Amino acid sequence: MSDTNRTALLYIPESVFGVTPGTPNMKFLRHTGESLGLDTQTTRSNEIRSDRQIPDFVRTGINAAGDVNFELSHGAFDDFLVASLMSAGWSTQVSLTGLTLTFNSGAGTIARSAGDWAADGITVNSWIRPAGAINAANNAYFKVTAVTTLTLTVQQVGGSPRMVSESATAGMTLKQGSQIVNGTTFQSFAIERRFTDLSNEFALFNGMGVDQFSLNTQKDGIVTGAFRFLGKTEVSANATAASSTTAAPTEDVMNAIDDVKMVCENGGAQYDITALTMQLRNNLRARLQVGTLGAVSLGVGSVEVSGTHQAYYNSKAVMDRYLNYSATNLSQGFYKNGKGYVFDFPRIKYSAGRRVGGGINADVMAEMSWNAMLDPTEGITMRVARFS
């Protein structure tokens, strides 16, 4: 018998679909549970027998599939985030030090005393995070909307406003997060399951593409998520496929109390939610052909991003955006121990909305569902910014 507490998952990107790289250095994968397995398609023989018995069931197809569930922590799932968005890879983070910065909340600007923002690599639509300001509200996430030599114009995500006017403060730092956006670069993985309490028992999954990615933020809880895989095959083995291994990152898991630093709806207003979910679907499909058992490759469909959020009802503004079917935007930022992520959806529309009075002695809740789509200005549906 094997215990779940004695299992381990490891993975490595494949350079050829369905083929584990030679002498692989496999990475351990943090997870809270998984359901990876092999699905088999069968067809019953229609041969007629006088004794009424079925002569055979024929295996006509196989594919590997299943979920890997996780608690969000920095760095542990970056490879799968890239694969989920089918991005070409993380851009380079920009880290600037020794800055003297002035914050103007009325204009929504961050000005430096010397230097050149553009020359330093700060770009429009990127997410930045200053540090070292006197007012803590200025040590926050901002999205850049315009760049000149000395001045950044930003969305004032957060309170009313989040940014606080502050005269020139020396010795500050500012980071522009590395980022990925949805693209067309498909990546498959080899994933190994180890049964460490059994002798010589391993399962190897090949050709595993990320079909879906979800993230779930609930009040009073840990931020959780899942990757759903579709792949080629599963085989049993009596030895590991790994030639060497890399330990999983050890950052603390993020929670919805201390580590959600902002939820921004409609380009600037802090949105006080009680729950937020998002789901990304790549609509993968197995490509099959005569003479080959299992997928020869995976076809890629359109990227679909949707979600829900729930908040205490205190304004008709969000509901009117649903009633008028108006486009808006949504972003969510996490930050813990100097590291974090921003999940950014530049253009969404609400597909459902309710102002729910559930019963006596209860709060009226705004319950919203949304779909993300191509933003014609930014040219993307979704962005993830990473701060290290």
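**Stop 1: the second largest pocket**

Select strand 20 (273-281). Strand 20 gives the most to the lining of the second largest pocket, namely three residues. You are looking at a predicted model. The pocket has a volume of about 160 Å³. Its lining counts 13 residues; show Thr217, Ala256, Val260, Val263 and Ile273, which lie closest to the pocket's centre. Now add strand 14 (202-218) and strand 18 (260-265) to the selection, since each of these, like strand 20, supplies at least two lining residues. Colour the lining by class: six residues are nonpolar, five polar and two charged.

**Stop 2: the largest cavity**

Leave the pocket and turn to enclosed space. Rolling a probe the size of a water molecule over the atoms reveals where empty space remains. How many cavities of 30 Å³ or more does the structure hold? There are two. The largest cavity has a volume of about 40 Å³. To find it, select Trp127, Lys143, Gln155, Cys264, Asn329, Leu330, Ser331, Asp344 and Phe345, the residues of its lining. Two elements, strand 24 (328-336) and strand 25 (339-357), give two or more residues each to this lining. Which strand gives the most? Strand 24 does, with three residues. By class, the lining of the largest cavity has four nonpolar, three polar and two charged residues.

**Stop 3: the second largest cavity**

Clear the selection. Pick His74, Glu251, Asp252, Met254, Lys336, Asn337 and Lys339, which line the second largest cavity. Its volume is about 30 Å³. Four of these lining residues are charged, two are polar and one is nonpolar.

**Stop 4: the barrel**

Switch to a cartoon view. Strands of a sheet pair through backbone hydrogen bonds, in either the parallel or the antiparallel sense. Select strands 6 to 11: six strands form a closed barrel in the order 6-7-10-9-8-11, and the pairing is antiparallel. On average, neighbouring strands of this sheet are turned by 50 degrees against each other, direction ignored. Zoom in on strand 9 (residues 142-147) and strand 10 (residues 151-155), an antiparallel pair joined by four bridges. Label Val144; its bridge partner in strand 10 is Val154.

**Stop 5: strand 5 and its partners**

Next, select strand 5 (residues 57-71). Take its partners one at a time.

- Strand 3 (residues 33-34) runs antiparallel to strand 5, with two bridges between them. Label Glu34, which stands opposite Val68 in strand 5.
- Strand 4 pairs with strand 5 over eight bridges, also antiparallel. Here Leu38 has Ala64 of strand 5 as its bridge partner.
- Strand 15 (residues 224-231) pairs with strand 5 in the antiparallel sense over eight bridges. Phe70 has its bridge partner, Gly225, in strand 15.

In a regular strand, side chains alternate between the two faces of the sheet. Keep that in mind as you turn the view.

**Stop 6: Thr42**

Stay on strand 4 (residues 37-44) and select Thr42, which is found there. Which residues does Thr42 touch, leaving aside those up to four places away in sequence? They are Phe57, Val58, Arg59 and Thr60. Is Thr42 buried, partly exposed or exposed? Thr42 counts as partly exposed because its relative accessibility is 49%, and exposed requires over 50%.

For a last step, draw a distance from the C-alpha atom of Thr42 to that of Ser188. The two atoms are separated by 26 Å, and the residues are 146 apart along the chain.

Technical notes:
Residues are numbered from 1 along each chain as its sequence is written. This is a predicted model: local features need pLDDT of at least 70, side-chain atom pairs count only at pLDDT 80 or more; totals for chains, interfaces and linings use all residues. Side-chain values use heavy atoms; hydrogens and water are left out. On a 1 Å grid over the protein atoms alone, a cavity is a set of points where a 1.4 Å probe fits but cannot get out, and a pocket is an open set with protein on both sides within 12 Å along at least five of seven lines; lining residues have an atom within 4 Å of a point. Grid points are joined across faces, edges and corners, and a volume is the space filled by probe spheres set on the points. Ala, Val, Leu, Ile, Met, Phe, Trp, Tyr, Cys and Pro count as nonpolar, Asp, Glu, Lys and Arg as charged, and the others, Gly among them, as polar. Buried means under 20% relative accessible area, exposed over 50%, partly exposed in between (1.4 Å probe, protein chains only). Contact means heavy atoms within 4.5 Å. Two strands pair if DSSP finds at least two bridges between them. Axes are lines fitted to C-alpha atoms, for helices over the stretch in contact, and angles run from 0 to 180 degrees between N-to-C directions.
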